[in-house]
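Colleague: I should like to learn how to read several features of a structural model, one after another. May we take the general idea first in each instance, and then the particular case?

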Amino acid sequence: NLRQACCHPQISAGWRLFKPYGEESLTMTEVLDALVKKAALDLEESLRLVGVAMNAKAGLFLIETPPRPDMAVESYERLLDLSKQIGSVVRLDTLQYAHILQGLIDGLFFKIQGSISAAEVAHLRSRRDQLLGDLRTAKESYCAEGVAKLEDAKERFSTAEAAVNEAQNLIPQRWWADALHRLSAVKSAQLMKKIMDDSKELESTTGIKSVFSDCADLHDVEVILTTKIGLRQSRRLELLATMRSLPGWNEPTAEEIQKSGACSKCRFRTNVGNQECDHCNNEGLVLEYEQALFAVRQRQQLKRKRGGEIDPTLQNGRWNVHMEGQGGVNLFSEIDKVLKLLLQAEKRHQFTNPQVLNSATYFRDKLVEEFHAVHELYAAQKQYLGTLDEFQMALTRFSLRDATEIVSETEKNYRLLAEEVPASHSHWDTSLRISMEDLQRKRGQLRYLQSLQGNHCARSSSCNAPSGERCVLCFHDITLTAVFPCGHFFCSECVVHMCSRSASKGNAIQTVLCPVCRNRAAVSEITGVVDVDNRSEPALLKNKLSGDYGSKIQAITAHIIHLREKDPSSKVLVFSQWTEMLRIVAKSFSVNGISHVLVTGKPGIHDAVAQFRREPSIAALLISLRVGSNGLNLTEATHIILVEPILNPALEAQAVGRVNRLGQSRPTFVYRFLVSGTIEERLHALAEQRESTESSRKTGIEKITVNDIGGIFNETGSSCNGS
Ligand SMILES: [Zn+2]
Ligand SMILES: [Zn+2]
Ligand SMILES: [Zn+2]
């Protein structure tokens, strides 16, 4: 199938998934790499499903009456072993791994309780301690990123807070009161007018009542400023203290983690109560302080301004805060705007030390930085709690519930009634069997592809004949390989021998054991792989070619090299129905030093043909069957290569006619390239059959009956296998 994938341009388009668009074709090695990657992903998913089923089985053993801890421990241990075996290729998901460890720890606890011999207890205890250590390590590695982020946020928070306190010490207490006194002596009316204008503008654009709207003079302004700034400071202190009390500042307790996981506002579990987590509970504090620090407008106001209907769901919606870089002057709250006004006026009149002016601005900058740090810390704490909750949830096993207990739909999946246990057992038995079979198959696929990959590397680097894989059973070189579903392969002679021995036992479904891994395989699942090299003289060349674009293209390339070696003046026409295919052939020609011209469309065809006829160094003309127009006379060429079977005899006759016509003095050779054991063989048979019927010859119409198509696909399943 791998080889077929490379031979068919339509299929090769699918490989773009693995490569950026625009790179036309892949070599066999690249296709193989992509397949190995995909097989590894498949195996990982398969292992996960096996893990789910085995964990479920073990969990059920523990809640049965009476519990069967022996069975549970065995099931968990088997899964651990399995994941270790596969571990070199794919890893078990960390959360699933943690679940196994926790289950094992619980299972061992049961066993210790039921144990009588002191030696056994000691043994079980030491195993349990070891597992507890593993579980701790797993948790640490799972949470490592969250912890690092949180520590980072905490540090930035503390630094920002210290910077604010430091900046606060630089400015004189209540400096705005002094400034107002000085300014009222010189510019009282002007300043008051400016403040009131701004206040009115705010009210008219947003509909929010301005804090200064009732001020009669600068004294009133001073009172408002003092009150609001004091309020802001107390809100700030409250917020900072709260941040230090929220879970996450210190290591969260089990209750806090549970509370966070069950939050009705920020977690997405169904059917939980209406209890909110500590963070959601205190979100109001953050918002309030945000409003005191920045200019805010309610969403509904913005909506109204745009002239649309007011969305009722937004009436109590979040405040729309203008953060930095957004909305320019709106960044400043009303209070800050007035403070800025005062600073500017002071500066103009040179009333105060410019250092005071600078430190006031600096102070506000630090407040903004501190607020961002608070935000970051808030998010990091919440995220860390989420990670811990996730880890905790992963440890949850099956448990029993009373019929009277009220549980959510989700909980019903792991909180079982006692009478549900047997049904659940058989459900997971089936699931385990299916997923286990799938896992074996996926392992085999990956193993086989990897061995192919190893082979391929060896072959292309040494440029010699294939190293000759040896059969591990008879130590002879393998000519015909038989591949088991587990991915192990042997020479066909040995496998035939094994099969005939099993047949003599007279089983209904003939099966054999893989001699390496002892996995049972049905005889029908064993596939034969033929190495098609070493058949003819040009085929020998194939091992010397560079760039592996699939067997057929290799064969074509080798064939042309062979023809040119025999007769350096020979010229070849290469026909295909697909320009994409021709491009791949051209690529292979290029890397192997065959000079050629490629014609993919009508424009440029005459120049290309002229070049092909004129220059003796050009060996091949690659031309699409659909383009090759009637008028062309190409008697210079004596060889024609048809890249794939052509169903329309008239079209093929036309192609051959380019060369074999009046004026052609030399014999003409036509080569058809078919991949044996694929659909191409049957297409060719159909074409030959059609050619013999007179009518299609005359009309040249591509009429294919349903029967024809049926015939093509009839044997696809059996004969395409592994060729
Ligand atoms: Zn919440
Ligand atoms: Zn053998
Ligand atoms: Zn095997």
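Colleague: Which residues make the nonpolar surface patch of about 240 Å²?

Modeller: A preliminary remark is that this is a predicted model. In general, nonpolar side chains tend to be buried together in soluble globular proteins. Here, however, V472, L473 and V516 form a nonpolar patch of about 240 Å² on the surface. V516 belongs to the loop between β7 (511-513) and β8 (520-522). With a relative accessible area of 46%, V516 is partly exposed.

Colleague: Let us turn to the interior. Which residues touch the most other members of the largest nonpolar core?

Modeller: They are W175, V221 and L225, in a core of 54 residues. At least two residues of this core come from each of α6 (118-170), α7 (175-206), α8 (218-245), α11 (283-293), α13 (334-349) and α14 (354-394). The most is given by α14, with 13 residues. Another core lies apart from this one; it has 50 residues, including F61, F391, V421 and L432.

Colleague: With which residues is V221 in contact, leaving aside its neighbours within four places in sequence?

Modeller: The contacts of V221 are then L180, M192, I195, F212, C215 and V338.

Colleague: How should one read a strand, and is β10 (residues 572-576) largely enclosed or open?

Modeller: The general idea is that side chains in a regular strand alternate between the two faces of the sheet. In β10, 5 of the 5 residues are buried, so this strand is largely enclosed by the rest of the structure. Each face is covered: V572, V574 and S576 are buried on one side, and L573 and F575 are buried on the other.

Colleague: Which strands do bridges join to β10?

Modeller: There are 5 bridges between β10 and β12 (residues 620-624), and these two strands run parallel. Within β12, S624 is the bridge partner of S576. A further 4 bridges connect β10 with β13 (residues 639-642), again in parallel. In β13, I640 stands opposite L573.

Colleague: I now come to charged residues. How many salt bridges does the model contain?

Modeller: As a general matter, side chains of opposite charge can pair when their charged atoms come close. If a side-chain nitrogen of Lys or Arg must be within 4 Å of a carboxyl oxygen of Asp or Glu, the count comes to 27 salt bridges. One of the pairs is K38 with D42, whose closest N and O atoms are 3.3 Å apart.

Colleague: How are K38 and D42 placed in helix α3 (residues 28-63)?

Modeller: K38 and D42 are 4 residues apart in that helix, so about one helical turn separates them. K38 is partly exposed at 41% relative accessibility, and D42 is partly exposed with a relative accessible area of 25%. Helix α3 also holds R48 and E45, which are 3 residues apart and likewise separated by about one helical turn. The closest N and O atoms of the salt bridge between R48 and E45 are 3.1 Å apart. R48 has a relative accessible area of 36%, while the value for E45 is 37%.

Colleague: Which parts does the salt bridge between E77 and R127 tie together?

Modeller: In this pair the closest N and O atoms are 2.9 Å apart. E77 is in helix α4 (residues 69-86) and R127 is in helix α6, so the salt bridge ties together parts that are 50 residues apart in sequence. Salt bridges with shared partners also join D152, R156 and E376 into one network.

Colleague: Finally, how is the backbone to be read, and which peptide bond is cis with omega near -10 degrees?

Modeller: Most residues other than glycine have a negative phi, and most peptide bonds are trans. The bond from T65 to P66 is cis, with omega near -10 degrees. P66 is located in the loop between α3 and α4.

Colleague: Where does R174, with its positive phi of about 45 degrees, lie?

Modeller: R174 is in the loop between α6 and α7, and it is partly exposed at 39% relative accessibility. F475 also has a positive phi, near 60 degrees, and is not a glycine. The loop between α16 (421-462) and β5 (480-483) contains F475. With a relative accessible area of 59%, F475 is exposed.

Notes
Residues are numbered from 1 along each chain as its sequence is written. Chains are lettered from A and ligands numbered from 1 in the order in which they are written. This is a predicted model: local features need pLDDT of at least 70, side-chain atom pairs count only at pLDDT 80 or more; totals for chains, interfaces and linings use all residues. Side-chain values use heavy atoms; hydrogens and water are left out. Buried means under 20% relative accessible area, exposed over 50%, partly exposed in between (1.4 Å probe, protein chains only). Two strands pair if DSSP finds at least two bridges between them. Patches are made of residues with over 30% relative accessible area and no salt bridge: like charges are joined within 9 Å, nonpolar side chains (Val, Leu, Ile, Met, Phe, Trp, Tyr) within 5 Å. Accessible areas come from the Shrake-Rupley method with a 1.4 Å probe; for residues, only the protein chains shown count as cover. A nonpolar core is a set of buried Ala, Val, Leu, Ile, Met, Phe, Trp, Tyr and Cys residues joined through side-chain atoms within 4.5 Å. Contact means heavy atoms within 4.5 Å.
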